[in-house]
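Subject: Handing over the structure

Hello,

Here is the structure I promised to pass on to you. Have a look at it first, and then read on for what I found.

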Amino acid sequence: MAKKSTYKSAERVVDGSGRQYHIGVAPGEVASDILLCGDPKRAERVAALFDSVRYERRNREYVTFTGKYHGRQMSVMGTGIGPDNMEIAVIELAQCIKSPTMIRIGSCGGLQKEIRLGDLVVSTGAVRLENTSSFFVPESYPAVAHHEVVTALLYSCDELGFRHHAGITASAPGFYGAQSRKVPGFPPRNPDLPGEMAKVGVKNFEMEISALLTLASLGKIRAGAVCAAYAQRNQNKFITPKQKDAAELRCIQAGLAAFDKLAEMDLWKKKNRKKYWNP
């Protein structure tokens, strides 16, 4: 037992059984289909919708459940908040499972007038306002969602009848100053960042997607994201608890349904011996 818990490297901090230092998960304990969310309670809510749960792990702020959904192995992880937490989650998960697919089911602030509280926003790419990803790639490197995940999410939202939008997300490294929130005593350096982002067509603000998409492209991981709008920054409105509960469920359902669509795409590719899915 002592041998398994020994860390042999400061570069890849993993014990003898392959258990990752931060997320606390080892190979065999996580599925290739993974939903990612910031809130650990949201991860619990996702797991409650699984057909069954075979594994649960809580380590630091990371909460992981693995089970079955519609007969397929699936995992959900609550990563905590921010691009630094997402970096750890993506990299350590990638050490545990080969060629995973990751979908973030998050919350966001809408920046365009047509985005109502509770609407879903599917990210096609993200503005890298955070700098975590800059330690891996140049600042000009794009954070782009995988085309199959975008298609699967849009298909799922439409089929489920959920109001939704698609476009570019802005990922900030924080919630207050980094998103120009004006709190007494803590004035932001850029007081109109939401307005500047909105002018160039950015749909929404959140804190993790650009790190996820950048690392996913780098690590050859199929990834994407859908977020529920909890804030309307254009109108300075925030969602009610009742609306929040319903919006969160729609976001979860869209993410789960997207994995059903991706499974269909993968079956089609295998059957037709194609590298890329097409309609």
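A residue counts as exposed when its relative accessible area is over 50%, and as buried when that area is under 20%. By that rule asparagine 236 is exposed, because its relative accessible area is 72%. Please keep in mind throughout that this is a predicted model.

Asparagine 236 sits in the loop that joins β10 (222–232) to β11 (237–238). Its phi is positive, about 55°, although asparagine 236 is not a glycine.

Now to the helices, starting with α6.

Helix α6 is made of 32 residues, and 47 Å separate its first C-alpha from its last. That is close to the 46 Å expected at 1.5 Å a residue. Just after α6 comes arginine 273, which has a positive phi of about 55°. Arginine 273 belongs to the segment after α6, and with a relative accessibility of 80% it counts as exposed.

Which residues of α3 and α6 meet? Before the list, here is the geometry: the axes of α3 (residues 147–160) and α6 (residues 241–272) come within 8 Å of each other and cross at roughly 125°. The angle makes α3 oblique to α6, and the crossing is right-handed. On the α3 side the contact involves Glu148, Val149, Thr151, Ala152, Leu153, Tyr155, Ser156, Cys157, Glu159 and Leu160. On the α6 side, the residues they meet are Gln253, Ala254, Gly255, Ala257, Ala258, Lys261, Leu262, Met265, Asp266 and Lys269. Sorted by class, the residues of this contact of α3 with α6 are eleven nonpolar, four polar and five charged.

Helix α1 (residues 40–47) also packs against α6: their axes come within 11 Å and cross at roughly 60°. That angle makes α1 oblique to α6, and α1 passes α6 in a right-handed crossing. Arg42, Arg45 and Val46 of α1 make this contact with Asp245, Glu248, Leu249, Ile252 and Leu256 of α6. The contact of α1 with α6 has four nonpolar and four charged residues, with no polar ones.

What angle do α2 and α5 make where they pack? It is about 30°, with the axes 8 Å apart. Angles under 35 degrees count as roughly parallel, and α2 and α5 are therefore roughly parallel to each other. Here, too, the crossing of α2 past α5 is right-handed. Pro83, Met86, Glu87 and Val90 of α2 meet Ala211, Leu212 and Leu215 of α5. In the contact of α2 with α5, six residues are nonpolar, none is polar and one is charged.

Each of these two helices also holds a residue to look up in the viewer.

In α2 (residues 83–94) you will find isoleucine 88. Isoleucine 88 and tyrosine 21 are 67 residues apart in sequence, with a C-alpha to C-alpha distance of 9.7 Å. Leaving out residues up to four places away in sequence, isoleucine 88 touches His22, Ile23 and Tyr62.

In α5 (residues 209–218) you will find serine 210. Is serine 210 buried or exposed? Serine 210 is buried, because its relative accessible area is 0%. Apart from neighbours within four places in sequence, its contacts are Ala126, Val127, Arg128, Glu130, Ala143 and Ser171.

Two further residues are worth a look.

Lysine 203 is in the loop between α4 (193–199) and β9 (204–206). Its relative accessibility is 17%, so lysine 203 counts as buried. Setting aside neighbours within four places in sequence, lysine 203 is in contact with Gly109, Gly110, Leu111, Gln112, Glu114, Ile115, Val121, Ala166, Gly167 and Ile168.

Serine 107 has its place in strand β5 (residues 101–110). With 24% relative accessibility, serine 107 counts as partly exposed. Its C-alpha is 8.7 Å from that of cysteine 37, although the two residues are 70 residues apart along the chain. Not counting residues up to four places away in sequence, serine 107 touches Arg42, Glu206, Cys227, Ala228 and Tyr230. You have already met Arg42 as one of the α1 residues in contact with α6.

Enjoy exploring, and write back with any questions.

Best wishes

Conventions:
Residues numbered from 1 in each chain as written. Predicted model: local features only at pLDDT ≥ 70, side-chain atom pairs only at ≥ 80, totals over all residues. Heavy atoms only, no water. Axes fitted to C-alpha atoms, helices over the stretch in contact; angles between N-to-C directions. Helix = DSSP H or I, 4+ residues; strand = E, 2+ residues; numbered from the N terminus. Parallel < 35°, antiparallel > 145°, perpendicular 65-115°, else oblique. Left-handed = near helix turned anticlockwise from the far one by under 90°. Contact = heavy atoms within 4.5 Å. Nonpolar A, V, L, I, M, F, W, Y, C, P; charged D, E, K, R; others polar. Expected span 1.5 Å × (residues − 1). Buried < 20%, exposed > 50% of the residue type's maximum accessible area, 1.4 Å probe, protein only.
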